[in-house]
Every structure is written in C-alpha cells, then in structure tokens.
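Reader: Could you walk me through how a pair of helices packs in this model? I would like the reasoning along with each answer.

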Amino acid sequence: MDRQQLVKYSRQINLADIDIEGQQRLLQSRVMIVGLGGLGCVAAQYLTAAGIGHLTLIDGDSVDRSNLQRQILHYEQDMGRAKVDSAKDKLTRQNSDVSISTYAHFADEIYLNKNIPRHEVILDCTDNYATRCLINKLCFKYKTPLVSGAAIRMEGQLVSFEYEPEQACYECLATLFGEQQLSCVEAGVLSPVVGVVGSLQAVECLKQLLNIGNRSKYEEKHQIELMLYDAMNNEFKTFSINKNPACKICS
Ligand SMILES: [Zn+2]
C-alpha cells in the first residue's frame with residue numbers, strides 16, 4: 001500500500017480486526033457480483049469504496065426507465081446501455097484501485113463454471129430462481145462462499161453459504177420455502193429496502209474475505225442463518241436453517 005492508500009482506507013485500517021494486513025488482503029481479493037440491479041448496484045459501490053482488488057460484474061440486461069427508482073448506479077442518461085457498462089463507469093470513477101471486468105450476458109453454466117473458482121466470494125444479486133440455483137450448485141462444487149440477497153415489497157432477505165459439510169445450501173432453503181417466482185415486477189419494492197440488503201451483502205462479503213465475525217459461530221452450530229428484514233415494522237429476525245438430508249445438491 002502506498003501513502004495515499006493508507007490515507008484512503010485509514011478508517012478501515014483503524015479497525016483492530018482489519019489493520020494494514022486486512023486491508024492488504026481486501027486489495028488482493030476477487031469478488032463476483034451476479035446481477036447489477038438494485039442489490040448489485042449497492043453492494044458493488046460499497047465493495048469498490050472499501051478497496052476490493054478485483055470485481056467481476058455479470059448482467060445481460062440493459063438499463064430501463066423502471067430501474068432508476070432503486071438501481072442507483074444507473075442514471076437517466078444510461079437508459080438503453082448495458083447495466084454492466086453503466087455500473088463499471090461509475091465504479092471506476094469511484095475508486096481507481098479496483099480493477100473491474102464485465103460479462104454483458106446473463107449468467108450461464110459454462111461461464112460460471114469457469115469463473116467461480118477464480119473468485120473468493122460470489123454475491124448473488126439476481127431475482128431469478130433458476131439462476132440462483134445454478135449459482136448455488138457451482139459455488140457448492142468449488143466450495144466458494146456465496147452471499148445471497150433478495151428484496152421484495154417491504155421485505156429483505158440475507159443468507160450466506162460457506163458450504164461446510166454440515167451446513168445447508170441455497171437448494172435446502174429453496175425446498176423449505178418453495179419456488180417463489182414472484183418478482184418485484186409484479187409485487188413492487190420500496191427503493192431503500194434493496195439498499196439495506198445490498199449493504200448487508202457487502203458487509204458479509206468483507207467479513208468472509210477478512211475471515212472475521214460470525215463464521216466460527218456457524219461452524220460450531222453447523223447451521224446457517226437466514227436474516228429477514230421487515231421494513232414495515234422495522235424488524236430484523238434471524239432463523240437457523242438446517243441441512244435438508246434429501247437435498248439434491250449438498251447431501
Ligand atoms: Zn442443500
């Protein structure tokens with residue numbers, strides 16, 4: 001780290017759990033963000049500001065007027081542009097320490113299979129059940145930590161998977177809740193609710209990279225935790241999720 005970087009990241013370096021060593025680790029880390037919608041825009045901004053070394057952005061969509069209400073890396077003049085290009089523009093201006101590569105297609109198995117092992121943490125910021133299951137399958141295959149977020153109406157959901165042998169995967173969770181195909185197109189979503197969840201995804205990603213926080217707790221409990229955010233009542237609730245012994249992915 002040079003002198004400018006020591007100043008830039010000083011408020012993180014001052015944290016005992018991070019220090020210079022931890023910041024150095026962040027600057028050398030590689031994170032993949034699948035989906036540059038409401039969740040991905042927010043998570044990408046915080047990870048960029050925090051000094052992640054490399055970000056890979058994946059989205060096959062282009063910016064639509066109806067996105068602007070919550071996808072805060074995309075501006076009015078970006079309408080019609082690929083979301084990954086629009087996002088990369090802003091992020092590059094935000095922090096030149098971060099290198100950014102883009103894949104302007106929807107996540108497919110060949111691409112993910114090749115690229116997930118090249119990253120240390122994957123952020124699932126999609127709103128598509130099939131894609132979520134595909135990401136989970138490949139993260140499980142390579143044991144790459146996955147931070148999954150979702151937001152709809154006035155509710156948010158956050159869950160991290162580390163794929164320890166006794167822990168549930170996304171498929172276990174999906175079986176529990178059933179295939180919820182409802183998207184925010186039909187149901188709607190309050191703008192900052194996606195911001196809350198996207199920020200939480202960035203927090204969990206940084207903790208994974210730094211190997212701090214509740215990881216040891218999960219390992220002891222052999223359980224993962226699902227957090228639900230109820231914006232209407234201003235409540236966060238946490239639920240333990242058990243592995244499904246009949247899961248077709250992890251059992
Ligand atoms: Zn499973």
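Author: Happy to help; this is a predicted model, and the turns below look at one helix pair and then at one of its residues.

Reader: Are helix 4 and helix 10 parallel, perpendicular or oblique to each other?

Author: Helix 4 covers residues 38–50 and helix 10 covers residues 191–210. Their axes lie 7 Å apart, at an angle of about 45°. An angle between 35 and 65 degrees falls in neither the roughly parallel nor the roughly perpendicular range. The two helices are therefore oblique.

Reader: How many charged residues are in the contact of helix 4 with helix 10?

Author: On the helix 4 side, the contact includes G38, L39 and Y46, and they face a set in helix 10 that includes V194, G195 and Q201. Sorted by class, the contact of helix 4 with helix 10 has 12 nonpolar and 5 polar residues, and the number of charged residues is none.

Reader: How far apart are the end C-alpha atoms of helix 10, and what span should its residues give?

Author: Helix 10 has 20 residues, and at 1.5 Å a residue they should span 28 Å. The span in the model agrees with this, since the end C-alpha atoms are 30 Å apart.

Reader: Is S191 buried, exposed or partly exposed?

Author: S191 lies in helix 10, where 14 of the 20 residues are buried. A buried residue needs 20 or more other C-beta atoms within 10 Å, and an exposed one has 12 or fewer. S191 has 13, so this residue is partly exposed.

Methods:
Residues numbered from 1 in each chain as written. Predicted model: local features only at pLDDT ≥ 70, side-chain atom pairs only at ≥ 80, totals over all residues. Axes fitted to C-alpha atoms, helices over the stretch in contact; angles between N-to-C directions. Helix = DSSP H or I, 4+ residues; strand = E, 2+ residues; numbered from the N terminus. Parallel < 35°, antiparallel > 145°, perpendicular 65-115°, else oblique. Contact = placed C-beta atoms within 7 Å. Nonpolar A, V, L, I, M, F, W, Y, C, P; charged D, E, K, R; others polar. Expected span 1.5 Å × (residues − 1).
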